[in-house]
Structures are given as C-alpha cells and as structure tokens.
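Please work through the packing of this chain with me, in questions and answers that reason from the coordinates to a value or a name.

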Amino acid sequence: MSLKEKDEHDHLGWMEEKQLSPIEKGYLFTLIWLDKRFRIVDYLELLETMYYRVNLQMPKSHTEQYNLDNKFWYWYPLYALGSFSTLAYVVAALSGALLGFYYAPSAAAAEPGTVAYSQIAMIMQDLQFGFMLRSIHRWSAQVMTAAVFLHMLRVYFTGAYKEPRELNWLLGIVLISLTMGFGYTGYLLPWDQLAYWAGQIGVEMALSIPVVGEWVAQLVFGGFSLGAPTLQRMYFLHVFLLPFVVTALIGIHIAIVWMQGIAEPH
C-alpha cells in the first residue's frame, strides 16, 4: 500500500484537449514536471495566500480608501524618486564592479603619484571606454545621492513618515547616512590631492568626537594621519562592507513599502 497521494488531475490529457501552441505546451509540461518533484504550485499558492493576508492587515492607501479612479499621485514624478535612486544605485554598483577589475588600492609610490592614482589615470586615459565607465559610475553615484535626499524631503513634506510607516522612515534615515558614507569612501579612492585633504578633514572630524574620537580615527582611518591603512580601509568599506549592508536594507525598505502601500498625501 502506497502513502503517495493519488493525482486526481490528468494534466497531460487536459493539455491534449486544448489547442495549445508549442511554447504553451512546453511551459505547462515543464511546470507539471517540476511540480511533481518540488511542489512548485503549492509554494506559489502559499505565497499568494501570504500576499492577500498581509495586504488585508495593512491600512489602505489614500486612492484605495476613497476609491479614486484617477490615481494622480501614483504618476506624480516625486513619487518615483525612490525607484529612481534604486536604479541609480544598481548602475553605480555595476559600473563600480567593472572598475574594480582595473583599480589597485595601494598607496605605494609610483610615477607619477601613487599606484592607486596611476590606476585611475590609466582607466581615464588608456583603457577603452574607461573615461565613460568612470563617468557613469561617478554621475550615477551623484544622482543617487540627490535622489535619496529629495525622496526623504518628499516623504517628510507629505507626512508619509507617520504611523504606521515610522519604522520605514527610520530605515530611510539609515540608508541616506550610508549613502553619504558611500560617497565619502569612494571620494578617497583616487588618492589624489582632493582625496587627501578630504581624508584629512575626516580625521580631524573623528578626533573631535568626545571620549571616543581617537578610537574612531584609528578604526576608520588607520591612525591620526593619512597613509596606506587609510586607503585600505576606505576600499574595504566601499567595496566589501557598504554594498552588502545597503543592498540588504534597500530590500527590506522596498518590502515594507510593498506591504504597507504608498502613502499619498491627504
């Protein structure tokens, strides 16, 4: 006696009765094959049930609550700033990953300047499409910073930070702070004069923190003056730590927006 549940549906027979195109037959056959082995349909139904339960529990948006036919605020440009900043982040991440193939985070002496600066000069002058690639990375980072700032202004002035969305507002504050950290660490990577003095300002700001200032300067900048440890730390933060943290927080931020809906102004 087998404990296996009997399949009450003759899927293949149903497919033969229908006038399906080869693409439709291939798709359904693949879905049936996977469902018999991995219960794909069961998990899809579970996700559908979770979706409706979550959205029934959350408060409705303004257009849903008052059944407005003309969803003007959904198309208002200021409500696309969050998606726009996310798109800019994706472009910056992809272009930065490509730049990482040619960049060396070394402050050792080279002709002229340092190894890091020489690599930047090589990318800008000798590498095919290198100037365009670095420009895309730089401009997408600047656009992301501006879009995140304007996005938070829109949230504030439309009251979208209020209950029940206060947790996502705090998460947005963390994200804009990390965005500033992204910009600062990336600003130091060329290791030119601009980077040097920006780093020196950062050291002085860290040292001005009461009680823990010296500890913060040693942790973040590798000491009380700039050097090779500073560049290594900036590279680690910019390439290995911040991308994973920011990507995870953006995913959580978008998931909360999906569950709660968009808060239009009343």
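Q: Against which helices do the buried residues of helix 8 pack?
A: In this predicted model, the buried residues of helix 8 include G130, L133, M144, V148 and R154. With contact taken as heavy atoms within 4.5 Å, these buried residues pack against helix 6 (81–99), helix 7 (115–125), helix 9 (166–188) and helix 12 (228–260).

Q: How far apart are the end C-alpha atoms of helix 8?
A: Helix 8 covers residues 130–157, and at 1.5 Å a residue its 28 residues should span 40 Å. The distance in the model agrees with that expectation, the end C-alpha atoms being apart by 41 Å.

Q: Which residue just after helix 8 takes a positive phi?
A: The backbone just after helix 8 has a phi of about 70°. The residue that takes this positive value is G159.

Q: Which helix gives the most residues to the largest nonpolar core?
A: The largest nonpolar core has 17 residues, of which Y103, L189, F221 and L231 touch the most other members. Helix 7, helix 10 (193–207), helix 11 (213–221) and helix 12 each supply at least two residues of this core. The helix that gives the most, with 4 residues, is helix 10.

Q: Which residues does L189 touch, not counting those up to four places away in sequence?
A: L189 is among the residues of the largest nonpolar core that touch the most other members. Leaving out residues up to four places away in sequence, L189 touches Y103, A116, L231, M234, Y235 and H238.

Q: How many residues are in the second, separate core?
A: This second core is separate and includes Y89, M144, L171 and L249. M144 is also listed among the buried residues of helix 8. The number of residues in the second core is 15.

Q: Is F221, in its aromatic pair with Y184, buried or exposed?
A: Y184 and F221 form an edge-to-face pair, 6.4 Å centre to centre with 85° between the planes. The pair links distant parts of the chain, with Y184 in helix 9 and F221 in helix 11, 37 residues apart. Y184 is partly exposed because its relative accessible area is 27%. For F221 the relative accessible area is 5%, under the 20% limit, so this residue is buried.

Q: Over the ring of which residue does the charged end of R154 sit?
A: R154 is one of the buried residues of helix 8. Its charged end lies 4.1 Å from the centre of the ring over which it sits, and that ring belongs to Y79.

Conventions
Residues are numbered from 1 along each chain as its sequence is written. This is a predicted model: local features need pLDDT of at least 70, side-chain atom pairs count only at pLDDT 80 or more; totals for chains, interfaces and linings use all residues. Side-chain values use heavy atoms; hydrogens and water are left out. The expected span of a helix is 1.5 Å times one less than its number of residues. Buried means under 20% relative accessible area, exposed over 50%, partly exposed in between (1.4 Å probe, protein chains only). A nonpolar core is a set of buried Ala, Val, Leu, Ile, Met, Phe, Trp, Tyr and Cys residues joined through side-chain atoms within 4.5 Å. Rings of Phe, Tyr and Trp (its six-membered ring) pair if their centres lie within 6.5 Å; planes under 30 degrees apart count as stacked, over 60 as edge-to-face and the rest as tilted. A charge sits over a ring if NZ of Lys or CZ of Arg is within 6 Å of the ring centre and within 35 degrees of the ring normal.
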